[in-house]
Structure formats: C-alpha cells, structure tokens
Amino acid sequence: MTPLFALLFDTVDSRLGLRPGTKKSLNKVFPHHWSFLLGETAVVSLVILVLTGTYLTFFYRASTEPVTYTGALELYAGRSVPAAYESILRLSNDVPGGLLFRRLHRGASHLFIATTVLHMLRILLTGAFRRPRELNYLLGIVMFTLILGEGFVGYSLIYDSLAGTGIRIAYSTALALPIVGQQVAFWVFGGQFPTGEVIPRFFVLHVMVIPAVLIGLTGLHLAFIVRQRHTQFPKRGVDGHAYILGKPLWPSQFAESATLVLWMGGLLTAAAVLIPWSDVALSGPYVPGEVGNNAQPDWFMFWLDGMLRMVPAIEFTVLGVTINALFIAGLVLPGLVFGALIVYPFLEQRVYRLRGDWHVLQNPLDIPLRAGFGLGTFSAILFMSAAATSDQLSRITGFPIEGVLWFFRVTTVVAPIVLALVVTRYSQRRLARRDLEVAAQESGESQILAGATAARD
Amino acid sequence: MSTTRGDAPNVRVGTPARAQGPAGEIEILTEEIPPPSQINDAIVIGLSIAAGICGLAFGVVLTLGGPLPLYGGALALGLLSLAYAVRRYFTDRFPEVEAIEARLQFTDPELPEPETVAEVRAVGRRPVLRWALIGSATTLGVGLLAPISTLGPRAGNQLGSTAWRRGTRVVSTDGEPIRPEDIAPGGVLYVWPEGAVNNEFSSTILVRLATAPEEPTNFDWVVDDRVAAYSRVCTHAGCPVNLYREQDEALFCPCHQSTFDVVRGCIPTFGPAARALPQLPLDTDDEGYLVATDDFADQVGPARG
Amino acid sequence: MSAPASPTRRALLGWAVLAVSVLTLLALTREAVAQNDEAAAAGVEGAERGGLLYAQQCATCHGADGRGGPVPRYGGQAPSMWPDENPNMSAAYLDLVMSTGRMPPAESPYDNRKREVVFAAEERADIIAYMGDTFDVPGEVPRVGEGETSQGQTVWNTNCAHCHGAIGAGGVAGGGAWTPQVNDRSAQEIVEAIRVGPFQMPAFGEDQISDAEAASVAAFMAEAASEEGTPLGLTELNPVYASAFVGVLAVLMLLSLVWIGGRPRWFPDPDAAEQRPDIPAGAARKTPSASTARSNPRDAPSEDLSS
C-alpha cells in the first residue's frame, strides 16, 4: 500500500472500523475461468446503461404531444412530430455527442441482455443452480425477465414507426388475456390504444421502477454470491466442496475486473462509432395506421415474434371467453418457457435424488437430463428466434414466405425434441462407458490395496 | 473418484467443516514473481500516455463540435489502451498467485435450531390473535392495490365500436372526401371517418377491385360493383394491413404475414389471423361522395379475452 | 418400286442436304445482320427502329401482333400490348418496365429479383413510339419535378413504407412476390412506378399522390440513399441486421473474456475426478453412475481415507 493510500484508508477506517471487513473481503478467493466473468460483464453493462441513461434522460421528453422540430436536420425542418421523437431527433443531430451516447446506451443494452443470456446458459449447463444456490438462480430468472421488459420498454420510448407497432402488439397481447384482458390492457396502457399515457408510463418504468428493482436485485444477487462463495470447476487433488482454489480479490481479480471495465467501455464505444444502433431519423415517427415492412422487435424478443408468426390461426370462444393465437403465442408459450426454467433445478434434484450442498460444477454431458433439457430448450428458442426473421430469409433465399414459415413450424417442433433425445442418449452412453472404465480401474486399485494390506499383515 | 491425495489440504467432505483459521485467511499455494521487464514498462507508459491523449482529444473534439467518428474513435482508443495498460501494470507489479480458502458450511448439525435463535421468546397465547393480525394485514394490503383501477378507464364496450356512424363521410389522410372515381383501377386508398383522421381503431382501406367480389362479401356494401371498404386493423395483433397485392387482390400484413382475400370478403387465407377483416357498409351520398351507412358489424382488430 | 438407294448414295444425299441447309441459314443470318447494320447504318430511328427492336426482343412472348401469347420455357401467358385488351398499358408503364430491366426479363419473367437493363434511353423511346403508333398505347412518359424530402417522407410512410420498407430497402409481399428496393432507383422510375402500379403494386392516381408529391417521394428516396452513415457505410439498421452485429459483439466479448480471464479450456481439468458433497472423498463407489448416486450425507459415515 502506498503511504498516501494508507493515510486515506486510515482516515476512514478509524471512523468506521473497516479493517477486519476489508481484510476479509480483500483476500476473498475467486476461482479461475473466463466464463465466470459473464455475470460481471452484465453488471458492468448495467453501470454503463445507468450512466449513459442518466445523460439521455436530461434530453428526452416523455410525451407524444405534437411539437415542431426546429433543429438542423433538413428532413424534419419545421415539421410537427411527437415530442418524444422530436427529442430523440434533437439529441441525435443537434446535441454534440448525443448520438454517441444514444448508440452507447443501445449497444450496452444489447450486450447486457446477450451476456445475461450467456451467463444463464453457463449456470444451467454447469449446474451452479444446485443447492444451496437455488434462491440465487430464481433471483436471476426474475432479473432476466425484468431486463427483457426493460429493453422492450426502452426502445419503445423512441416512438418511431417500429416502436409504435411494437406497443400496439403488446397492447393486443394484453387484450388477449382471458376475462381480465381488456381491463388489464386499459390499466397498463391508459385506455384504448393509442393514448397519450403510454410513453410517460413507459418512461417511468424504464428510468425509475425497473432500474431500481434491478439494481436492488443485483445487489442481493451479488450478496448471495459473496456469502455462499463462488462455485468452481473440478480440479484434481482439491476438494472443491470444502475449499475454493483460485486467485485473491486483490490484486488478481481486481486487475481482471479493472481491465474488463475499461476494455468493455472501449469495445462498446468502438461499436457505437461503427454501428448505427437505433438511428431512427429516416424511418419517421409513429403515426397510427402506418407501418413499415420488415417489422420485427429487437433480437431478444425474436423468440416471441417467431411464436406469433408460427402459431396457426386459432380463435375460439368458450363460455364467453375467447382464446386466440395471440394468447397462446404471446402468453401461454412464453409462460411455459419461463416455467420450465424456474422448475428445472428442482426437477433435477428430484430425478437424481440429490442431497447436500454442491460447490463443484459438473459437465452437462455427464447429466443426461440436463443435457437434454438444455439443448432442447435452447435450440427451441433459437428456432423460434430464427422464425422471426422469416421475411428477411424469404427475400434472401428466394423461397416464398409461406414455405419459409412452414419450414420453421415443422423444425421448431421436431428439431429440439430430436436434438434433446440424441444428446440425452449420448450422455447416457458416455456415463456408461466411464462406469466401465472406472470399474476396471477400481478393481485394479482394490487389488493393489489388498496386496498392500496383505504385505502389511 | 475424488481423492485428497497429493498436496491438497487434509479435509474430508461430509464432516461439518470449520474454516481452517479465521475467515479471510487464505493460504497461498504458489506465487510467481514476474521478472522485471523493460518492454512491459515501456508498454505501460506508452499506452498510458496514449490513453491520456485520446481522452483529452475526446473532450476537445466533442466540445469543438467535431465529427462523431473522430471523438468516438478517440474515446474508444483511449479506453482500450488504458485497459491494456492496466493489465500490464498488474501483471508486472504483483505476483501471480494461486490461493486457497476454506468454504463456509451452512448445514451444520451443531448450529442452534431456528426457533432458538432469538433470545427472547413468546409466552404462549391463543393463536387467534396472531391470525387476526395476519388476516387484517392481508386484507389491508389487498385494499392498497385499489389505486391500480385508476390507471385507466373501466373496461366497457369501447372495443365494440369505432368512429364510423351512419352518414359519416369517407376521407383521406388530408381530410378530403372521396368519390369512387378517385381510386385508380386496382388501386387502394387509406381512409378515415370524417373528423376522426388518425383514429387508429377506425382506420380503413378502400379498394377498387379488378374482378367482381364474391361471397362472403356483402354486396349491399359494395359501390359500383367494385369499390369496397374494409377495416385495416389486423385481426391477429392489430398491425395496419396496408400492403395490397394488386394481381392477387390480397391484403398482406407485414407484421406476421397474415393474408386476406379481398375478393372474398377479406377472409384470412394464410398466417395467424383467424377472423376476416370487417367490411364497412359503404354507399354514396347525394353529391357522389362515399359515406358509411353504419359502423362495422364485426369485431374490429384482435379479439379480447 | 425402285430399289432402295445404296448406303453410299444415301450418305451423299444426307451431306448434300446438310450443306444446303447450312448455307441457306448462313445466307439468311447474314441477311438479318445486314438488315440491322443497314438500319443502323441508314440511321433508322424512331418508331422504325422501335419496331425492329420490338421484333427482336419482345415479339417472342408478346407476339408480333402485340396480342400476347404463351411464354416459352417458363409457361404462362405474356400480356397483350393493346390497351383495350390490357388496361395496364401506358407509355409510363412501358418506360418503367424497360428502364428497370424488368423487361425483357433476365431469366424467368415471374421472378423479378434479377434484372438486366437491355435498352438504352433512346431505344426505349423508340420502342414506345413504335408501340404508340402500332398498338395505340396511350399516354406520355411523365416528367419529374423537384420535390421536397420532408413531404416525401410523410407521403412515403402513408403509402409506400408498408410494402417497400421504411427506407425503401424492399421486402416481402407474400404469395411469392417481393417488393423491390426503391432507394437505388432514379426519380423517373419512381414516379412512373407510382402512376403505373406495375404487377402486384397498386396504382396511385393524381388525386391520391399528386405530381409534386410523387417527385417528393423520389427526392426522399434519393436522400435515404445518400446518407453517409458510419465509417462502415451503414445507415439505419433493421432489427435483423442489428442482431447480426449483436452476435459479432457478443463473440468479440467472449474472446475478450477468454483473454482477460484466462484458462480457455471449458473444464480446466477434464480428468479431475468428480466431487460430490454426499459421498465422502475417497470412498469406494457404491453406485454404477457417478452423477446419479443416491445417498444422503447425513447417513453416510464420514470415512477417514486420506493419509
């Protein structure tokens, strides 16, 4: 510690008594593996989002009242557009650095969601959800749901043509809820679409409510990890359930984190210069009754849009309650997906009758249920997401859109099942093979032990 | 199988383990001290200077109103250089360490039972007191949800009607009334009720068919045997069904690709829409302008649950 | 009955027929080529040249009499050129299909994604003049005014964006139809297409989109095309292309993590024995499968097996 830093530390420590706590946390051991940094990448993205978001909030106007644009962009000179869209135009074109921050914010949101998905995948595949970490896992699922909502609400705030279409579809999905649908839709959206209430409410959700809950839950999520310590990969000669082998927080893990923060910032800034995330000047504001071709939500909602396209034309009324394709594709099926994610740890616990606290990770290929479930669910989501790009695929390949859709309808149902069965079978065979090897090894060992005992006696 | 041979510490699984030594005590297994390296020093210094210059450049160019690629590029370069400099600094100045720390065990049979955690315990009383409190707190909590009902209007039959009424003129987006002759053959027009332009729920499309319409089109509502009007709110998820294929005489929704056959009353022929687009009862008034004779007869847009 | 000719005679006869045919063909071809060159050399212009071009490039499908006919190889019917049989016929329509390379078709006339412009502007004018004279095709090729980008965007979003995309990149129309990219077309083509409504596209009359508005739409498309974009040349991204870039960013991020976090092996010690909290370390395995054992840690004796 340098003398200056020691002086500063002592000033604070003598008033707060930080030394034991600092000693405890500064020397905490973190296990090695690059995949353990995924969660940290998500947290750093969140920080970048909060910082850039705060800047954007100073300029954004959360209203759909018509306002005249008086900025430098010729295309909109003197035109009357919704205030939200006008503020975006102003920020992008008339505020120096505005467009960079907008792109940084959007790029960071993409990275946030992508790394959260990868992180969740890592947790699922390696079994970091096992006891005692089920609670943390559930917390993670809740956070994941929140960030999906945050992303949707965030890009809807721009109120361009695509955003307005997305809000309309969300409203229609709310309407599709049985019995309470219309009332819930009116409560959430402030009445019959479109109202002037949607954007202000989305703004409050996006800037205040969801970030606050998310930051709180992230704190809780991290606190759990601090308390329970990190899991780790098996290593020969080390009892991973009783010990953590790795690098201490200071200096090694801190060095990694510091590098990560700066490197991520640099990557995102480079992306913001090269890739026009969420530039919207050409597409125009949302006008009721208008829509642009090639209408999709952002990539993390592709799986929902894909389901909306694929679920066939179903609509029937039973006892005065209407069930339609939108309800099934927009609410029931996603509910099943999230339900499956939530239930899986407990399912695995039940099926394999697991006991005790697990702190060591497993290879998913050694656990047939997990391999099948993981590959099956993930591939299903991938196919559903690909189905959302059906119109672009149709244009690129030359196949009629109708054919492309049927291709996806069939593959999304068949392929995940086939893949799941194949990998489960592979996993079972792999285990059986290893059992034979270890049994052979053990019989060899017991012979040696028997020999040693005999020699001793 | 799992072994504890070799140089690993002596601990068994299954026994309630205590951390070896006070918490935060770690045992350093290996320590590798980096050799002094001039190259490393040069890199750190060089990159730090570069990062500083880039940072300053970012500030200056941004303030002076320079182009985005310039100040954005400067910021990106600065951050990336600093990242690498930080990494090199740490690898140079600190040893690479492999450490080991004991975990805490939470399922310890020697821990006190949950009921005995608090020092002061309740003196036995009738449980009905407790339940009374819990019951009323729950009811109060549920009551506190009531303000949610103020977030929007009461659900009534708002979705059962649009702004079209008997005698409402059909107007374009500019507000101009329309004569049947104004539509080119095979053409479409995006129209609204007079006085309700841009009312999303009432958005309508006017089509001049090239072929004669067939069942289940309502022929009373077709003008000049060819001009028909349909709601253009998609009955699947509400996107505007604006795309018209002239030769196929089909309306196509760009969101989820529902296709409607205009000759046959806009019944859905492909895609997830299950209901036909409602037809607007159409007629001409004394001056020859198109008017509606009633509101849509069927549900407009997506169904409510 | 005369005796059959001997093999030698038959062969000689065959060769003679072949020689005569080839020579005749050559002569005829030379005639045709000579005619063309003659025409060009003689400076045949206007409707006459148009007639020649029509005969060469259009008559095979649309008929020498312009009444249409079956399309060789691809099937279907090529439409008539006479306005009373084909209400689509107009000078603007002809100019549009030829200037965009839609006609004559590069491959199948039904797949409009691949186009090659065959006729130069003067040739087009000549063909139109010829067809105007011979088949009574009405109308004039429209002239394009200045236009205003701001108005163009509004008109575009109301009438065009749902088919051709927000910035005119084209899209899917279902039923095997694609809406072509518009922001790389000339103002003339755009204005003609608006008036004509070729193929699956509906026509927009002057009451719907005035001449000034049509010119504005063309101006807006030119503006959309001229956007500089980022140093990579990208302007606005639709979510599908954006997702590709998200993928690239995610991959870059993963590579960065491998660099920063080290230890690129997925399971650092694949030979490391599996560890379970409920089976004491070093205990002999009692169950056939390591991952699916079924004992309870509270019941298992804690065996002291380490040295």
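Okay, a polar contact here is a pair of N or O atoms within 3.5 Å, where, within protein, one has to be able to donate a hydrogen and the other to accept it. Keep that in your head, and remember that what we're looking at is a predicted model.

So, let's start with chain A and chain B. Between them there are 26 residue pairs in polar contact, counting pairs with both residues at pLDDT 80 or more. On the chain A side, the biggest contributor is α10(A), which brings 15 residues to the surface touching chain B. If you sort that side by class, you get 48 nonpolar, 29 polar and 19 charged residues.

How many residues does each chain put into this contact? Chain A puts in 96 and chain B puts in 81. Together the two chains bury about 7,400 Å², and 63% of that is on carbon and sulfur atoms. Three residues to find on your screen are Trp187(A), Tyr243(A) and Leu262(A): they supply 10% of the area that chain A buries against chain B, more than any other three residues.

There are also three salt bridges across the interface of chain A and chain B. One that I'd like you to click on joins the side chains of Arg229(A) and Glu101(B), at 3.2 Å from N to O.

Stay on Arg229(A) for a second. This arginine sits in the loop between α9 (198–228) and β4 (243–248) of chain A. Its phi is positive, about 65°, although Arg229(A) is not a glycine. Buried or exposed, what do you think Arg229(A) is? Arg229(A) has a relative accessible area of 9%, and the cut-off for buried is under 20%, so Arg229(A) counts as buried.

Asn294(A) tells a similar kind of story. Asn294(A) isn't a glycine either, and has a positive phi of about 60°. You'll find Asn294(A) in the loop between α10 and α11 (302–310) of chain A. With a relative accessible area of 10%, Asn294(A) is buried.

Right, now swing the view round to chain C. Here, 88 residues of chain A are in contact with 80 residues of chain C. This pair buries about 7,000 Å², with 63% of it on carbon and sulfur atoms. In chain A, the residues that lose the most area to chain C are Trp34(A), Leu282(A) and Arg395(A), which together make up 12% of what that side buries.

How many salt bridges are there between chain A and chain C? The count is zero. There are, though, 20 residue pairs in polar contact, again with both residues at pLDDT 80 or more. The helices of chain A that each supply at least two residues to this side include α3 (38–57), α5 (98–126) and α15 (401–456). The largest share, 10 residues, comes from α10(A). By class, the side of chain A touching chain C has 43 nonpolar, 25 polar and 20 charged residues.

Next, a couple of peptide bonds. The one joining Arg131(A) and Pro132(A) is cis, with omega about 5°, and Pro132(A) is in the loop between α5 and α6 (134–156) of chain A. Over in chain C, the bond from Met103(C) to Pro104(C) is cis too, with omega near -10°. Pro104(C) lies in the loop between α4 (91–99) and α5 (121–135) of chain C.

Last stop, helix α1 of chain A, residues 3–16. This helix has 14 residues and reaches 20 Å from its first C-alpha to its last, close to the 20 Å expected. α1(A) is hardly covered, with one buried residue among its 14. After α1(A) comes Gly17(A), with a positive phi near 65°.

Terms used: Residues are numbered from 1 along each chain as its sequence is written. Chains are lettered from A and ligands numbered from 1 in the order in which they are written. This is a predicted model: local features need pLDDT of at least 70, side-chain atom pairs count only at pLDDT 80 or more; totals for chains, interfaces and linings use all residues. Side-chain values use heavy atoms; hydrogens and water are left out. Contact means heavy atoms within 4.5 Å. Buried area is the accessible area (1.4 Å probe) that two parts lose on being put together, summed over both. A salt bridge is a side-chain nitrogen of Lys or Arg within 4 Å of a carboxyl oxygen of Asp or Glu. A polar contact is a pair of N or O atoms within 3.5 Å; within protein, one must be able to donate a hydrogen and the other to accept it, and residues adjacent in sequence count only if both atoms are side-chain atoms. Helices (H or I, at least four residues) and strands (E, at least two) are DSSP runs, numbered from the N terminus. Ala, Val, Leu, Ile, Met, Phe, Trp, Tyr, Cys and Pro count as nonpolar, Asp, Glu, Lys and Arg as charged, and the others, Gly among them, as polar. The expected span of a helix is 1.5 Å times one less than its number of residues. Buried means under 20% relative accessible area, exposed over 50%, partly exposed in between (1.4 Å probe, protein chains only).
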